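Hi everyone, thanks for having me. Please pull up the sequence and the model on your screens, and we'll walk through them together.

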Amino acid sequence: MKPIAVDDNKDSLGEMGRMGIQTIDGETMEDALRVAFAGVGAADSIVIAHGDIEYDYIALREAVKTRAHYIGVLAGKRKASEFLKRLREDGVAGNELVGRVFMPAGLDIGSDNPLEIAVSIIAEIIRKKKGIKDWSHHLDLVNKLIKGDPA
């Protein structure tokens, strides 16, 4: 795995750069995301964890345009529901999300701190790469979207 960080906070990017993480910034967040996602292939994973709802949505919208096999978003049910509604309004088909978009990101291991959340996300990415397809805890909202039910 090769982490790449995109953020509008220059201090945060500087800190990540000092940790050896490749950083990308741009004139706008959308520009930076396009650069970051340009080389994303089918074996790659994207985790969206900015925290700003609008930036997270922009990142998700751009991520679904890639071939990434895993797109995880740190999101509760309300945020996930809103994102699915907006993706539908933006013309993204529900079947493009099933098995690729995971909200909330990470396996439910009872995580209660950032390190445990990171472990749960990495475990979920590994699980997906190994071909384990039990995504039941992520599919409720996606299935509602596909069926046209309000999420």
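Before we count anything, one definition: a helix here is a DSSP run of H or I at least four residues long, a strand is a run of E at least two long, and both are numbered from the N terminus. With that in hand, this predicted model has a protein chain with 6 helices and 5 strands. If you read from the N terminus on, the elements go β-α-β-α-β-α-β-α-β-α-α.

Now some totals. The chain has 151 residues, and 39% of them count as buried. Its accessible surface comes to about 8,700 Å², with 52% of that belonging to carbon and sulfur atoms. And if we take contacts between residues at least 6 apart in sequence, 60% of them join residues at least 24 apart.

Let's turn to the sheet. In what order do the strands of the open sheet run? The order is β3-β4-β5, three strands with parallel pairing. β3 and β5, which covers residues 101–102, stand at the edges with a single partner strand each, so one side of each has no neighbour in the sheet. Between β4 and β5 there are 2 bridges. If you'd like to find a bridge partner on your screen, look for glycine 72, which is matched with phenylalanine 102 in β5.

Next, helix α3. This helix lies across β3, β4 and β5, and runs at about 165° to β3. Is α3 largely enclosed or largely open? Of its 11 residues, 8 are buried, so the rest of the structure largely encloses it. Those buried residues are Asp56, Tyr57, Ile58, Ala59, Leu60, Arg61, Glu62 and Ala63. They pack against α2, β3, β4, α4 and β5.

Helix α2 is a nice one for thinking about faces. It spans residues 29–37, and Met29, Ala32, Leu33, Ala36 and Phe37 are buried. Looking down the axis of α2, the buried residues fall within an arc of 125°, so they line one face of the helix. Here is the general idea behind that: an α-helix has 3.6 residues a turn, so residues three or four places apart point the same way. As for what covers the buried residues of α2, the list includes β1, β2, β3 and α3.

So what sits in the middle of all this packing? The largest nonpolar core has 27 residues, and the ones with the most contacts inside it are Ile46, Ile48, Leu60, Val64, Ile71 and Met103. α2, β3, α3, β4 and α4 each supply at least two residues of this core. There is also a second, separate core of 5 residues, including Tyr70, Phe102, Ile121 and Ile125. As a general rule, in soluble globular proteins nonpolar side chains tend to be buried together.

Two details to finish. First, arginine 86, in helix α4. Buried means under 20% relative accessible area. Arginine 86 comes in at 19%, so it counts as buried. Leaving aside residues up to four places away in sequence, arginine 86 touches Glu54 and Tyr57.

Second, take a look at the peptide bond from methionine 103 to proline 104, which is cis, with omega near 0°. Where is proline 104 found? This proline is in the loop between β5 and α5.

That's my tour, and I'm happy to take questions!

Note on methods. Residues are numbered from 1 along each chain as its sequence is written. This is a predicted model: local features need pLDDT of at least 70, side-chain atom pairs count only at pLDDT 80 or more; totals for chains, interfaces and linings use all residues. Side-chain values use heavy atoms; hydrogens and water are left out. Buried means under 20% relative accessible area, exposed over 50%, partly exposed in between (1.4 Å probe, protein chains only). The arc is that of the directions from the helix axis to the C-beta atoms. Contact means heavy atoms within 4.5 Å. A nonpolar core is a set of buried Ala, Val, Leu, Ile, Met, Phe, Trp, Tyr and Cys residues joined through side-chain atoms within 4.5 Å. Two strands pair if DSSP finds at least two bridges between them. Axes are lines fitted to C-alpha atoms, for helices over the stretch in contact, and angles run from 0 to 180 degrees between N-to-C directions. Accessible areas come from the Shrake-Rupley method with a 1.4 Å probe; for residues, only the protein chains shown count as cover.
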